[in-house]
Amino acid sequence: MLYNDIKHIIKHIIKHFDFEGTYESAEELVNGNVNFTYKLYYRQADGSVIHYVLQRINTVAFRDPERLMENIVNVVNHLVDSMREDGINPARRVLTYIRCDNGSYLYEDRNGNYWRADVFIDGTTAYDKIDDGEKFYQAGKGFGEFQRYLFDFPAEKLTDTIPDFHNTKKRFYAFVAAVAADKAGRVKDLEKEIDFFFDRRKMMSEIVNEIESGKIPLRVTHNDTKLNNVLMDNVTGEAVCVIDLDTVMPGSVLYDYGDAIRFGAATAPEDEKDVSKMGVDMGLFKKFTDGFLSEVASVLTKEEIHLLPLGVKVITCELAMRFLTDYIDGDEYFKIKYPDHNLVRARAQMKLLTEVEKHYDEMTEYVDKFIANK
């Protein structure tokens, strides 16, 4: 059965959600690469239109939709309560999910697929590219505010929707096992790349070690801090709402900060073949850092702030190693567009990491300025 058939969706799915108004039309939103997503149009009695987002959860990526949705609802409720305590109307600042006729926020269809819906936040845009520093600054503010309002949420109450997602020790062991198995017969040509990660084994484990030792706290983390997961107001240009909460789970703020810089401050695409183009834009690094820490520095520990650049190194190294692991395994996990795509990705991220390493002291000196104000 084709779930991108809008007629099927209208007939069999939307009737189970408590939408307001009369259904008029729907369109598929194709920007996401995990869930099937649709924008619905509902006409109200006064003639206005409310837009909703309907999604089918990808149960290959997220095997326990009920626990996933439980995470999201708990986090959203906490955000709403925290904003109201600050006198802020959360209507456009937090995702509002719609209940089903079964009383929950999930509808399971007859094929065992899970659906959910939320209110579409009008007057906002999710940008895919960083074409000016102000957008990256606002993204920093958005993710920083998200962390600030969740700093007192007990992270241990959340489920790991993807177990060991940033456990770099286990990621490294998986990499070693892939090299030993050599399923695709590619290891013989990868001595330089393999040595690269063995040389950085200790660094990759540092955040995990810091959490295990209690030197830095376990916090609620978003785990997908790309620019397009912050909605920006079309008039003011300010960050409005953090979206795509599927990977919200326990972790370190260093991971969220690190992935945002890795993605947003890189001078070339994630899969750039010409690695000479890959570097780190320190201007963008400072923009995001300014926005992020303007919101969250007051609730982070001094050690967390000092170690933020370590998050950039660890996340960049982790992703590069995951790309190479998948290439060695025969491209089983990441989608590829050509035979060496994962190897190209790995080399691009390896080059980015070497550039981050060159700027590491400068990055640390910059974030340490925010400690002086604590």
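Which residue in strand 8 is the bridge partner of Thr124? In this predicted model, the partner is Asp233.

## The sheet

Thr124 and Asp233 form one pairing between neighbouring strands. Strand 6 and strand 8 are joined by two bridges. Strand 8 covers residues 230-233. The two strands run antiparallel.

These strands belong to an open sheet of three strands. The order is 6-8-9, and the pairing is antiparallel. Strand 6 (124-125) and strand 9 (239-242) are the edge strands. Each of them pairs on one side only.

## A helix on the sheet

Helix 3 spans residues 133-149 and packs on the sheet. Helix 3 touches strand 8 and strand 9. What angle does the direction of helix 3 make with that of strand 8? The angle is about 120°.

## The second largest pocket

Now to the empty space. Rolling a probe the size of a water molecule over the atoms shows where such space is left. The second largest pocket has a volume of about 390 Å³. Its lining consists of 18 residues. Lying nearest the centre are Arg171, Ala174, Arg322, Thr325 and Tyr333.

Which helix gives the most to this lining? Helix 4 does, with six residues. Helix 4 covers 168-181, and helix 10 covers 302-329. Each supplies at least two residues of the lining.

## What the lining is made of

Sorted by class, the lining of the second largest pocket has 10 nonpolar residues. Seven residues are charged, and one is polar.

Technical notes
Residues are numbered from 1 along each chain as its sequence is written. This is a predicted model: local features need pLDDT of at least 70, side-chain atom pairs count only at pLDDT 80 or more; totals for chains, interfaces and linings use all residues. Side-chain values use heavy atoms; hydrogens and water are left out. Two strands pair if DSSP finds at least two bridges between them. Helices (H or I, at least four residues) and strands (E, at least two) are DSSP runs, numbered from the N terminus. Contact means heavy atoms within 4.5 Å. Axes are lines fitted to C-alpha atoms, for helices over the stretch in contact, and angles run from 0 to 180 degrees between N-to-C directions. On a 1 Å grid over the protein atoms alone, a cavity is a set of points where a 1.4 Å probe fits but cannot get out, and a pocket is an open set with protein on both sides within 12 Å along at least five of seven lines; lining residues have an atom within 4 Å of a point. Grid points are joined across faces, edges and corners, and a volume is the space filled by probe spheres set on the points. Ala, Val, Leu, Ile, Met, Phe, Trp, Tyr, Cys and Pro count as nonpolar, Asp, Glu, Lys and Arg as charged, and the others, Gly among them, as polar.
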